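Me: Could you take a close look at one loop position in this structure, and then work outward from there to the elements around it and to the chain as a whole? I would like the cut-offs stated as you go.

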Amino acid sequence: MDPQWNDVFSVEDTSKKWRRIAARFDWSGLRCGCDQGARHVPSSFAALVAAQTEEEADGAGLRNHIEVQSMLFESAVPVVSMILAALDEELLTDAARWGLLYLLMVLVLGESEHVEVLSGRPDLELECRDAARDGIPLLYEELRKERVRGRAEYAICILEALGEDRDELIAIRRDI
Ligand SMILES: [Zn+2]
């Protein structure tokens, strides 16, 4: 095991909700777009959460892994819950918050990659949306605040994918 992977389960970090969620899954057994399995995903996620710059927040190890050109792999589903936990709980840089919201938008708007369809998971986008519904209040908050340019647009896209009314979302956006 590499040190970053061990770090995910280190005792002092169990206070972080996203790490507790990550610890519930056998990542080695989940498919990833890189064909190596999703074992690296928690440490890639830790890097995104800790991102200080836009470059660091581009989702390395997640984009083109849990999704490839918006085609989803099964490892995307637990990441949705991890994103919401991190948005809710972590002290994030604006870059990290932007990267997390962007990734969440890609996951709820994607569709199952062909290999997932063949493996019995044809509706991964629906699984991602179900996982994201817990975060609806948080996403409305994100929409109202918009501390970083463009993030409200991501929140609108995500909330619309979750079945929220687009006209109402736009109206909230206008009132900011
Ligand atoms: Zn991968």
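Reply: Leu-162 lies in the loop between H9 and H10, where helices (H or I, at least four residues) and strands (E, at least two) are DSSP runs numbered from the N terminus. The model is a predicted one, in which local features need pLDDT of at least 70 and side-chain atom pairs count only at pLDDT 80 or more, while totals for chains, interfaces and linings use all residues. Residue numbers start from 1 along each chain, as its sequence is written.

Leu-162 is partly exposed, because 16 other C-beta atoms are found within 10 Å; on this scale a residue with 20 or more other C-beta atoms within 10 Å of its own is buried, one with 12 or fewer is exposed, and one in between is partly exposed, the C-beta atoms being placed from the backbone. Leaving aside residues up to four places away in sequence, Leu-162 touches Val-108, Arg-129, Ala-132, Arg-133 and Ile-136, a contact being a pair of residues whose C-beta atoms, placed from the backbone, lie within 7 Å. Of these partners, Ile-136 is 26 residues away from Leu-162 in sequence, with a C-alpha to C-alpha separation of 8.2 Å.

The two helices on either side of this loop pack against each other. The axes of H9 (residues 151-161) and H10 (residues 166-175) come within 10 Å and cross at roughly 160°; here axes are lines fitted to C-alpha atoms, for helices over the stretch in contact, and angles between N-to-C directions run from 0 to 180 degrees. H9 and H10 are therefore roughly antiparallel to each other, given that angles over 145 degrees count as roughly antiparallel, those under 35 as roughly parallel, those from 65 to 115 as roughly perpendicular, and the rest as oblique. Their crossing is right-handed, the term used if the near helix is turned clockwise from the far one by less than a right angle, with anticlockwise giving a left-handed crossing. On the H9 side, Ala-152, Ile-156, Leu-159 and Glu-160 meet Arg-166, Leu-169 and Arg-173 of H10. Sorted by class, this contact of H9 with H10 holds four nonpolar, no polar and three charged residues, with Ala, Val, Leu, Ile, Met, Phe, Trp, Tyr, Cys and Pro counted as nonpolar, Asp, Glu, Lys and Arg as charged, and the others, Gly among them, as polar.

One of the residues that Leu-162 touches, Ala-132, also takes part in a second helix packing, in which Ala-76, Val-77, Val-80, Ser-81 and Leu-84 of H4 meet Leu-124, Glu-127, Cys-128, Ala-131 and Ala-132 of H7. The residues of this contact comprise eight nonpolar, one polar and one charged. The axes of H4 (residues 76-89) and H7 (residues 124-132) are 9 Å apart and meet at an angle of about 20°, so H4 and H7 are roughly parallel to each other. H4 passes H7 in a right-handed crossing.

Following H4 further, one finds Glu-89 within this helix, and Glu-89 counts as exposed because it has 12 C-beta neighbours inside 10 Å. Beyond residues up to four places away in sequence, Glu-89 touches Lys-16 and Lys-17; Lys-17 lies 72 residues from Glu-89 in sequence and 7.4 Å from it in space, C-alpha to C-alpha.

The strands form an open sheet of three, in the order S1-S2-S3 and with mixed pairing; two strands pair if DSSP finds at least two bridges between them. S1 (67-68) and S3 (111-112) stand at the edges with a single partner strand each, so one side of each has no neighbour in the sheet. S2 (residues 71-72) pairs with S3 in the parallel sense over two bridges, and Met-71 has Glu-111 of S3 as its bridge partner. In the loop between S1 and S2 sits Ser-70, which has a positive phi of about 70° although it is not a glycine.

For the chain as a whole, there are 10 helices and three strands, arranged along the sequence as α-α-α-β-β-α-α-β-α-α-α-α-α. Buried residues account for 39% of its 176 residues, and of the contacts between residues at least 6 apart in sequence, 68% join residues at least 24 apart.

Key: Contact = placed C-beta atoms within 7 Å.
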